Structures are given as structure tokens and as C-alpha cells.
Amino acid sequence: TWRPDWAAPTLELVQKYQHDFPCAAVGIDVAAGEEHFDAQQFPQLYQPHYDVLQQAQKLQIPITLHAGEVPSFKGADNL
């Protein structure tokens, strides 16, 4: 299950704990399928993640994205 409503609160947690050593948050990740990268077919999944990743980039928070892991959804096309 995708939870685009968790995108912004997750970024807030990363910001809060980014410098909380020795257990600091080191970045933000988007996983759990690839449908949330399809703006045309799944805009309700895409936009919240896109907005948060843009904000993370502005804040210089490292980002990890997963691609090619879901064979049922054009995964190989995203590599």
C-alpha cells in the first residue's frame, strides 16, 4: 500500500533528526513500487512524492530512489 500522505511527515522527521548523532537520519528514500513515479497514470501518488523530493533537494538532504524492481510495472523502462 502506498501512503503519499506520509511523504511530508517523513521529510519533517528527517529534518528533525538529520543532525541527531550518533543516530541521525541520513536521507530520504522512495520505495514500494514505481507507480508513484508515473505522473500521468497516478497523479495522486506522484505529486506528494515529487513535492517532497524537491523540498529535500533544496534542503540538501540525500535522496534514494528505487527503479526496475517491479517487473509488472514498466520497471525496466525506468532504468
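**Close-up views of a predicted model**

**View 1. The largest nonpolar core brings together nine residues.** Its members are Ala-7, Leu-11, Val-14, Ile-28, Val-30, Val-52, Leu-53, Ala-56 and Ile-61. Three elements each give two or more residues to this core: α1 (7-17), β1 (28-30) and α2 (43-58). As you look around, keep in mind that this is a predicted model. A general point may help here: in soluble globular proteins, nonpolar side chains tend to be buried together.

**View 2. Leu-11 and its contacts from farther along the sequence.** Which residues does Leu-11 touch once neighbours within four places in sequence are set aside? They are Ile-28, Val-52, Gln-55, Ala-56 and Ile-61. Of these partners, Ile-28, Val-52, Ala-56 and Ile-61 also belong to the largest nonpolar core, as does Leu-11 itself.

**View 3. Helix α2 and its buried residues.** With 16 residues, α2 reaches 22 Å from its first C-alpha to its last, close to the 22 Å expected at 1.5 Å a residue. Its buried residues are Leu-45, His-49, Val-52, Leu-53 and Ala-56. Looking down the helix axis, you will find that these buried residues fall within an arc of 100 degrees, so they line one face of α2. What covers them includes α1, β1 and β2. Just past the end of α2, Gln-60 takes a positive phi of about 60 degrees.

**View 4. Asp-38 in the loop between β1 and α2.** Is Asp-38 buried or exposed? Asp-38 counts as buried because its relative accessibility is 12%, below the cut-off of 20%. Follow the Asp-38 side chain and you come to the backbone nitrogen of Gln-41, at 3.0 Å.

**View 5. The salt bridge between Arg-3 and Asp-5.** The count for this model comes to one salt bridge. Arg-3 pairs with Asp-5, and their closest N and O atoms are 2.6 Å apart. Both partners are partly exposed: Arg-3 has a relative accessibility of 37%, and Asp-5 has a relative accessible area of 46%.

**View 6. Ala-67 and Glu-34, apart in sequence but brought together in space.** Where does Ala-67 sit? Look in the segment after β2 (63-65). Ala-67 is 33 residues from Glu-34 in sequence, yet the two are 6.9 Å apart in space, C-alpha to C-alpha. With a relative accessible area of 30%, Ala-67 is partly exposed.

Methods
Residues numbered from 1 in each chain as written. Predicted model: local features only at pLDDT ≥ 70, side-chain atom pairs only at ≥ 80, totals over all residues. Heavy atoms only, no water. Helix = DSSP H or I, 4+ residues; strand = E, 2+ residues; numbered from the N terminus. Buried < 20%, exposed > 50% of the residue type's maximum accessible area, 1.4 Å probe, protein only. Core = buried A, V, L, I, M, F, W, Y, C linked by side-chain atoms within 4.5 Å. Contact = heavy atoms within 4.5 Å. Expected span 1.5 Å × (residues − 1). Arc of directions from axis to C-beta. Polar contact = N/O pair within 3.5 Å; in protein donor to acceptor, adjacent residues only side chain to side chain. Salt bridge = Lys/Arg side-chain N within 4 Å of Asp/Glu carboxyl O.
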